[in-house]
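Here's a quick tour of a few helix packings, a ligand site and some backbone oddities. Have the structure open as you read.

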Amino acid sequence: MPPPVVTGISPKEGPPGTRVTIRGEFLGNKQSDIIGVSICGCDCLLSAEWKSPNKIIARSGPGKGRGDIIITTLTGGTGTSTVQFRGYHEAVGPLKESAVWVEEVQSIGWGSTKSIQLDDPLGLSLEANENKFPEDDLQEMFPGCNGDLSSENFSPCWFLLQNHSNSSFDDLRAGLAFLRRKVDSHQEGQLSFLKGNVSAVMEQLEVLEALQVAFQKDVESFGLDRTEKIVEAIKECRNEGKMLFDGVLKGREKADRTRNALGVLHRFKFLFTLPTAIQRKSDYDAIISDYSRAQNLFGKTEVKLFKDVLTEVRLKVAEIKEELKKKLHTMPSSLDNQKKIIRNLVQLEYEGDPGWEGITVRMNFIMEQLNACHSFYSEQIASVKPKSGKRDKNSQDKQAAINCRVECIEDLCDIISILIPDLWSLGQSYFSGELSTKFDQNKLDEFKAGVENCLKEMCRLVREVAGKGLTGSWPNCLQVVRAVLVALKHIPHDTILALVQFFRIECVKNILLTTAEQTKRLVDKEDWVLIHDSTHGTITHLPSLFEKLFNDSLSILKESALKLGPKEAELFSNPAMKSEVNEHAHAIFNNYIQCLDTLSDINDDEQSMSVSQLAFPTFRTSLSHTLNWEDRVLACISNCRYSCEVTVPRMEKTWNEAELPSLDLSKPTSDLRSLKSRLTACYIENRTDPLVGTVEPSMYIGQFEWEADFTPVGVRPYANEIIANVLVVHAQVERRCGWLKEEVLTEVVETVAEELSRLMLCVSHMSRAGAIQATLDITAVEHALAKYTTTQARNFFSEALDAIPALDEESKKTVDKLLAEYKKKMYMQLLPFEAKSNS
Amino acid sequence: MSKKPAPQPALHKVIMVGSGGVGKSALTLQFMYDEFVEDYEPTKADSYRKKVVLDGEEVQIDILDTAGQEDYAAIRDNYFRSGEGFLCVFSITEEESFQATQDFREQILRVKNDENIPFLLVGNKGDLDEKRKVTLAEAQGRAQDWGVPYVETSAKTRENVDKVFFDLMREIRSRKMEDNKMSNGRGKDRCKRKKLKCTIL
Ligand SMILES: Nc1nc2c(ncn2[C@@H]2O[C@H](COP(=O)(O)OP(=O)(O)O)[C@@H](O)[C@H]2O)c(=O)[nH]1
Ligand SMILES: [Mg+2]
């Protein structure tokens, strides 16, 4: 940027301090560009105010005379100026109107030397010579000179131009002659002076004489002392003068006072606005700082006005104090707000300990809140209860009550999480002296105890509420309580830690209890949808339902109670706890076994049904609703085995993998096994009894007699019926529980054999034909059931055969022939028994 | 300034006269800095000087912007004395300011003691035609009486602003050339002044 050029100045002259507008070019682009402003050689940078690149406003300095205006900018350097400013010092006389009061001391001399003009050295009149020739031009023409006669730099030309620019040449010539005469007279001495002025001297003598005569005359008429009159005149003059100036002086005094008052008013404006500010209660901080300022400035003032205002202010401040105190004691209030109030109170010299008061208020508030919350929910719960009229509504009401409790616990926790940190922080501020109060170190313990009390009260209430039962909501509540721990991270919270521990334990217990409860209810969940499992036969959903239930509960536990939060202790450190948990676990399994047991119970109606079905076997197994008892028992047996072998070990593993006390499930496993055996026995019994029961009636159907004579043509229907019935059982077991086939069928066969032997032993007389027939029947049965014939059964069969009278060769042949025929005929029917080994 | 070795370009001293508020400062600032000042701030005595090119010749114009206010009338004489040309401004929207030009004219003539002093009668605020109080004919009539040009300007729209300053400078320049010739005929002017002075006394 080019150097600045000043081309305009407004105004172009003035006393020091004149506000001048400087115009020109390249005067910088912002305030900070200007690094120098000099007017008449005086540095005026401080007052310079940048307006635009063409305009700066500044105040002139004390420089006197004409001078350049030089602006220096950061980028343009030192500039030049085409215009000039003239500084002058204003001399103000007592009669001149002036905008500022000029101290009299300075103006002694009454209008400076300028007004008392010496006689003109040229002896010319000074008519109309008031600076008619512009001083600026003179300065330009005669730089460094002036027109002051007494000055070293006196310039005659200046003087003439200044004082006699209007005098005619003749006048000036006369003046020169006069001056010369004067100079000459000085040089010639007194005598020549007298000589040259004889006429004048004579004239003077004459005048003196006349004067003496006049004086004599005066003495005659007025007496000797003539000063009297003069004194009087002077006195009068003085009075006159006084009167004349009295006004001015009074005016000045008044102006002074007004100015003073204005100054004071202005300077202490805040004091007078303070009462209204307080009235408005806009900003306490501002009011308080003004108040303390006022206290400092006027606290010991003797000025009535200030005193009055201050009293008013003090009254108002007292009101404020009262109000602030009220506010301090009003809850809820934000921490910052409270701190501010406390600080304000301290600043207002509140009697007492506002910090501690704030703390107490807060503590009490927390206690109140806790209890209010508790009683609110107590009422709520109480209002839920009486409504319960019917039984099914009861559980609903129960749940509603639990929900209420959970909400209550949540609210209690919230109160603590939100309010305690604030309280603690307030305490810290108090004890660290941050609240600018004097604090009582002894109160530290009291404070800690107070906080502890709040926590304890909260724990007490929570325990009380929780003690009434939360069932499934324990994990929820545990989470809520744990959240408090997080909120109180920086505050001693052992109490809460203990509460968390309590909740964890309760949580574990309750979940296990609930699981046991739910296990019991699995009975209703059984849908009898049969699922075929190649190794375990036909099972139902029950085992997996149970497993899922169990696993779900465990994962809830894992997510809640078993998860170790920071600082939380091991749950099962004490043995009592361990065994209690184990008991709960066993209860679950017992319930499961119970459940299986219940499901396999015989229903009387169905029992009779199953008997009839024996005669007409229908295989409607897949229809779950109409599933008959045998199918159900078989499913239960399979379930038992499946549970034993698959799900229970898996559950044990899951349990032990969780952070739970190790669990030994051998007892439930063996219980399951024995249930399985019991059910199997039951099944066999139920299957065999009707089967065996029909043998005798069938054998003697149609008045059949063993002693009668007839020609045996083949195996009799009763034997076929036996085989068919065993086939039915076989088919059922094979379908449902392949692995049970052996056990069931051998048992059945044994019973059948026993029955046959009993029946044979009971026959007293047997014809030859009867013998042939009996041998054929029993051998056929034995042959058919050979696969499942145990030694015991074989013995029975032998017993039966032994009971038959011995056969001759002929008869034996007949038997063999018929048997061969029978075997051929029955081959297909008997195939299922052969498939035994395949399954 | 005395340090500058190069010959200074000719300096023409222009003085703005007229009642307060007619737009003297506005005209000056418009001419000097191309800016229009909206607010009215009474002037005491402002000084401006810059180089301009007058008909191909570089010259300096020195503008003295004076107060129109009566309070300062006493010091006006002093300022007028140094002026070489005058822009006597009135506002066409204010009758009184037009009347006042008469007094200014007389005062200038008294101080300068020269009937032919370069002088322009300027009717400012031409943009406010709807508020016009002084007719063109009136103003032209007065200018004719005085034997000076009359120009209407607007400090706001800059209309004729350059014109009045340049026209005045041209007159000053030709007056100076005339004077130079005259000075050979030995201070005729001075005699004239003296004579006038005597009549006042
Ligand atoms: N509309 C208009 N206003 C003007 C014009 N000239 C000056 N003014 C305004 O008139 C007021 C006085 O102007 P100023 O130049 O300070 O008057 P001065 O006392 O003669 O110097 C200011 O508010 C200007 O804005 C103009 O030509 N047109
Ligand atoms: Mg002005």
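## Helices H17 and H20 of chain A

At roughly what angle do the axes of helix H17 (residues 542-559) and helix H20 (residues 629-657) of chain A cross? They cross at roughly 10° and come within 10 Å. Axes here are lines fitted to C-alpha atoms, over the stretch in contact for helices, and angles run from 0 to 180 degrees between N-to-C directions. H17(A) is therefore roughly parallel to H20(A) (angles under 35 degrees count as roughly parallel, over 145 as roughly antiparallel, 65 to 115 as roughly perpendicular and the rest as oblique). Helices (H or I, at least four residues) and strands (E, at least two) are DSSP runs, numbered from the N terminus.

On the H17(A) side, the residues that meet H20(A) include A:Phe546, A:Phe550 and A:Leu554. Their partners in H20(A) include A:Tyr642, A:Met651 and A:Trp655. Contact means heavy atoms within 4.5 Å. By class, this contact of H17(A) with H20(A) has 8 nonpolar, 5 polar and 2 charged residues (Ala, Val, Leu, Ile, Met, Phe, Trp, Tyr, Cys and Pro count as nonpolar, Asp, Glu, Lys and Arg as charged, and the others, Gly among them, as polar).

## How the model is read

This is a predicted model, where local features need pLDDT of at least 70, side-chain atom pairs count only at pLDDT 80 or more, and totals for chains, interfaces and linings use all residues. Residues are numbered from 1 along each chain as its sequence is written, chains are lettered from A and ligands numbered from 1 in the order in which they are written, and side-chain values use heavy atoms, with hydrogens and water left out.

## Two more helix pairs in chain A

Helix H22 (residues 717-737) and helix H24 (residues 768-784) of chain A have axes that come within 9 Å and cross at roughly 15°, so H22(A) and H24(A) are roughly parallel to each other. Their crossing is right-handed (the near helix is turned clockwise from the far one by less than a right angle; anticlockwise would be left-handed). A:Tyr718, A:Ala719, A:Ile722 and A:Ile723 of H22(A) make the contact with A:Asp777, A:Ala780, A:Val781 and A:Ala784 of H24(A). That gives 7 nonpolar residues, no polar ones and 1 charged.

For helix H8 (residues 284-298) and helix H10 (residues 335-347) of chain A, the axes come within 10 Å and also cross at roughly 15°. The crossing of H8(A) and H10(A) is left-handed. A:Tyr284, A:Asp285 and A:Ile288 in H8(A) meet A:Lys340, A:Asn344 and A:Gln347 in H10(A), a mix of 2 nonpolar, 2 polar and 2 charged residues.

## Around ligand 1

Which residues are closest to ligand 1? They are B:Gly21, B:Ala26, B:Val37, B:Glu38 and B:Asp127, out of 21 that surround the ligand (a residue is near if one of its heavy atoms lies within 4 Å).

Backbone atoms supply some polar contacts (pairs of N or O atoms within 3.5 Å; within protein, one must be able to donate a hydrogen and the other to accept it, and residues adjacent in sequence count only if both atoms are side-chain atoms). A backbone N or O atom of B:Glu38 sits 2.6 Å from an oxygen atom of ligand 1. For polar backbone atoms of B:Ala155 and B:Lys156, the distances to a ligand oxygen atom are 2.7 Å and 3.3 Å, respectively.

## Backbone oddities

The peptide bond from A:Ser10 to A:Pro11 is cis, with omega near -5°. A:Pro11 belongs to the loop between strand S1 (5-10) and strand S2 (13-14) of chain A. Over in chain B, B:Asn113 has a positive phi of about 55° although it is not a glycine; B:Asn113 lies in the loop between helix H3 (95-112) and strand S5 (119-124).
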